[in-house]
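Morning, everyone. Let me put the structure up, and then I'll walk you through it.

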Amino acid sequence: MSVNYHDLAQSIYALTSGETDAIALMATVSCEVHHSDARFDWTGFYRVVAPELLKIGPYQGGHGCLVIPFSRGVCGAAARTGEIQLVDDVDAFADHIACSSTTQSEIVLPVRNGAGELLGVFDIDSNKPGAFTEEDSRELSLILETVFKAAH
């Protein structure tokens with residue numbers, strides 16, 4: 001079963017309406033998205049905490065890496081390039097950081113506030129290969145853009 005993005009978006013918008021704290025928004029989004037689809041094995045945020053440096057933020061699932069430099073891995077690539085990373089096979093991604101041995105595919109989306117500042121990245125891992133689609137990229141991007149536009 002895949003995500004009903006219309007219902008997911010409406011739920012997230014209702015829960016986050018009026019909230020501007022980035023951490024509170026991240027916690028709510030990661031929880032709602034994680035529980036929306038069985039493909040999503042690990043769902044969470046890595047926050048920009050210093051120049052070229054991400055640290056773990058709110059997430060759902062097993063443990064995550066604590067620190068990821070912009071120069072490494074799928075999350076680093078999303079932060080560095082500002083582009084969505086849609087990876088069908090993490091073992092084929094040069095410099096993939098294996099935070100979990102069960103991860104087979106991954107999608108990572110940059111997260112910006114309304115001023116265009118990079119707040120972090122939203123990372124979803126799956127224990128199935130090729131789990132993510134262009135629909136996931138498009139729909140999750142829209143949700144993130146809407147939710148984080150007033151974040152600080």
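I'll take the salt bridges, then one helix, then the largest pocket.

This is a predicted model: local features need pLDDT of at least 70, side-chain atom pairs count only at pLDDT 80 or more, and totals for chains, interfaces and linings use all residues. Residues are numbered from 1 along each chain as its sequence is written, and side-chain values use heavy atoms, with hydrogens and water left out.

Salt bridges first. By that I mean a side-chain nitrogen of Lys or Arg within 4 Å of a carboxyl oxygen of Asp or Glu. Searching the whole structure turns up two. In one, R39 meets D37, at 2.9 Å from N to O. In the other, R39 pairs with D136, and the closest N and O atoms are 2.8 Å apart. That second pair links distant parts of the chain, 97 residues apart: D136 is in helix α4 (residues 134-148), while R39 is in the loop between α2 (22-34) and β1 (42-50). Helices here are DSSP runs of H or I, at least four residues, and strands are runs of E, at least two, numbered from the N terminus. Put together, D37, R39 and D136 form a network of salt bridges.

Buried or exposed, then, for R39? Buried means under 20% relative accessible area, exposed over 50%, partly exposed in between, with a 1.4 Å probe and protein chains only. R39 is at 15%, so it counts as buried. D37 is buried too, at 5%. D136 is buried at 1%.

Next, helix α3, residues 73-81. Seven of its nine residues are buried, so the rest of the structure largely encloses it. Those are G73, V74, C75, G76, A77, A78 and A79. What do they pack against? The partners are β1, β2 (53-60), β3 (67-69), β4 (85-87), β5 and β6 (118-126), with contact meaning heavy atoms within 4.5 Å. After α3 comes G82, with a positive phi near 75°.

G82 also helps line the largest pocket. Among the other lining residues are L109, R112, S141, E145 and K149. Two elements give two or more residues to that lining: β5 (105-112) and α4. The largest share, four residues, comes from β5.

That's the tour: a salt-bridge network of D37, R39 and D136, a largely enclosed α3, and a largest pocket with β5 and α4 in its lining. Thanks.

Methods. 1 Å grid on protein atoms, 1.4 Å probe; cavity = no way out; pocket = protein on both sides within 12 Å on 5 of 7 lines; lining within 4 Å.
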